[in-house]
Amino acid sequence: MPLEIAKTRIGDAEIIQIIEMDVGHHFDWFLPDNNPEAIRQITWLDEPYRTADYRLNGLSQSFIIKHAGRILVVDTCIGNDKTVDEIEEWNALQIDFLGQLERAGIDREKVTDVLCTHLHVDHVGWNTHLKDGLWLPTFANAKYHFARDEYDFWLDALKQDEEGSMQSASFHESVLPIAEAGLANFIDPPTDLGDGITVIPTPGHTRAHVAVVVDAGGERLVIAGDAIHHPCQIARPHWATVSDYDKDQSAATRVKLLGDLAGTPTLVADIHFNVPSFGRIEVAVGEDGFVFVPRKESH
Ligand SMILES: [Zn+2]
């Protein structure tokens with residue numbers, strides 16, 4: 001694990017990244033267009049986003065945004081004690097994530113908002129934690145924002161799933177208990193959550209995947225969830241992952257998002273980007289695609 005907590009200030013927002021684990025080796029199968037030779041050709045793509053021998057690096061992490069009195073957690077990693085049969089190293093994790101939150105100065109009782117960009121197993125885990133055999137909300141005083149279409153999609157999938165897939169287990173353990181506790185707020189993006197926080201649709205990786213935009217007093221940032229899994233997809237927006245719900249749509253979403261951001265001062269980060277995770281987007285000169293210009297400074 002390269003590091004466990006990263007802190008950045010963007011405008012008047014404080015951003016804290018809680019890093020759960022290294023997931024870079026999964027890109028070997030998860031992003032099939034990628035291989036060391038293809039990565040070497042992306043000349044701007046440097047360490048730490050790749051290894052010295054051109055394999056991809058990446059993280060499982062949560063972004064916590066403190067802004068205008070709100071504490072917003074964007075995506076909640078894999079979580080402890082979860083049933084993840086299909087990816088053994090994610091199954092029944094025992095990681096001191098809650099201790100890391102405390103050490104990062106986050107009182108989880110004071111978290112006001114949780115946003116899941118989508119409901120895949122590695123984005124909902126710490127929505128809940130296991131206590132005395134029950135899955136309890138980790139952020140008991142927060143509103144958990146779920147895109148309504150995303151929630152309905154996985155609820156339907158659960159009803160049709162006789163095999164008991166890892167997504168069904170995840171929905172049972174990490175999503176349904178939030179709805180049952182009355183903490184779910186179903187949204188139909190674009191949605192203004194107030195205090196400069198907006199949720200926008202970025203479909204393709206899942207049916208109703210969303211990104212969050214924060215206007216942070218002079219600076220703006222976008223946390224794009226899994227709309228872009230790795231900075232190499234900024235150079236190669238048409239590279240889709242094996243788990244994309246609609247590969248053409250996920251590519252179209254990347255092209256649109258990157259086109260809108262290119263040449264602007266808006267910072268973008270995605271959940272699995274290594275640190276430093278925030279950067280600007282530029283148009284690539286002489287070829288398709290875009291360039292990620294990491295913002296180095298952190299505080
Ligand atoms: Zn993911």
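Helices and strands are DSSP runs, numbered from the N terminus; the views below show a predicted model.

**View 1. Coordination of the zinc ion in the predicted model.** The zinc ion is bound by D122 and D226 through OD atoms and by H123 and H272 through NE2, at 2.1 to 2.3 Å. Along the chain, these donors follow the spacing D-H-x102-D-x45-H. The angles among the four donor atoms span 81 to 164 degrees, and the site is irregular. D122 and H123 are both buried.

**View 2. Surroundings of H129 in strand β6.** Strand β6 covers residues 128-131. H129 counts as buried because its relative accessibility is 13%, below the 20% limit. Beyond its neighbours within four places in sequence, H129 contacts R108, L134, W135, L136, P137 and T138. With T138, the side chain of H129 also forms a polar contact of 3.3 Å.

**View 3. Cis peptide bonds preceding P190 and P276.** P189 and P190 are joined by a cis peptide bond with omega of about 10 degrees. P190 lies in the loop between β9 (184-187) and β10 (191-194). The bond from V275 to P276 is likewise cis, with omega near 5 degrees. P276 belongs to the loop between β14 (267-269) and β15 (279-283).

**View 4. Positive phi values at D75 and D81.** Although D75 is not a glycine, its phi is positive, about 65 degrees. D75 is located in the loop between β4 (70-74) and α3 (97-103), and D81 is also found between β4 and α3. Phi of D81 is near 65 degrees. D75 counts as buried, at 0% relative accessibility, whereas D81 is partly exposed, with a relative accessible area of 28%.

Notes. Residues are numbered from 1 along each chain as its sequence is written. This is a predicted model: local features need pLDDT of at least 70, side-chain atom pairs count only at pLDDT 80 or more; totals for chains, interfaces and linings use all residues. Side-chain values use heavy atoms; hydrogens and water are left out. Donors are N, O and S atoms within 2.8 Å of the metal (3.2 Å for Na, K and Ca); water is not among the atoms, so sites may look incomplete. Four donors count as tetrahedral if all angles lie between 85 and 135 degrees; four count as square planar and six as octahedral if opposite donors are over 155 degrees apart and all others between 65 and 115; anything else is irregular. Buried means under 20% relative accessible area, exposed over 50%, partly exposed in between (1.4 Å probe, protein chains only). Helices (H or I, at least four residues) and strands (E, at least two) are DSSP runs, numbered from the N terminus. Contact means heavy atoms within 4.5 Å. A polar contact is a pair of N or O atoms within 3.5 Å; within protein, one must be able to donate a hydrogen and the other to accept it, and residues adjacent in sequence count only if both atoms are side-chain atoms.
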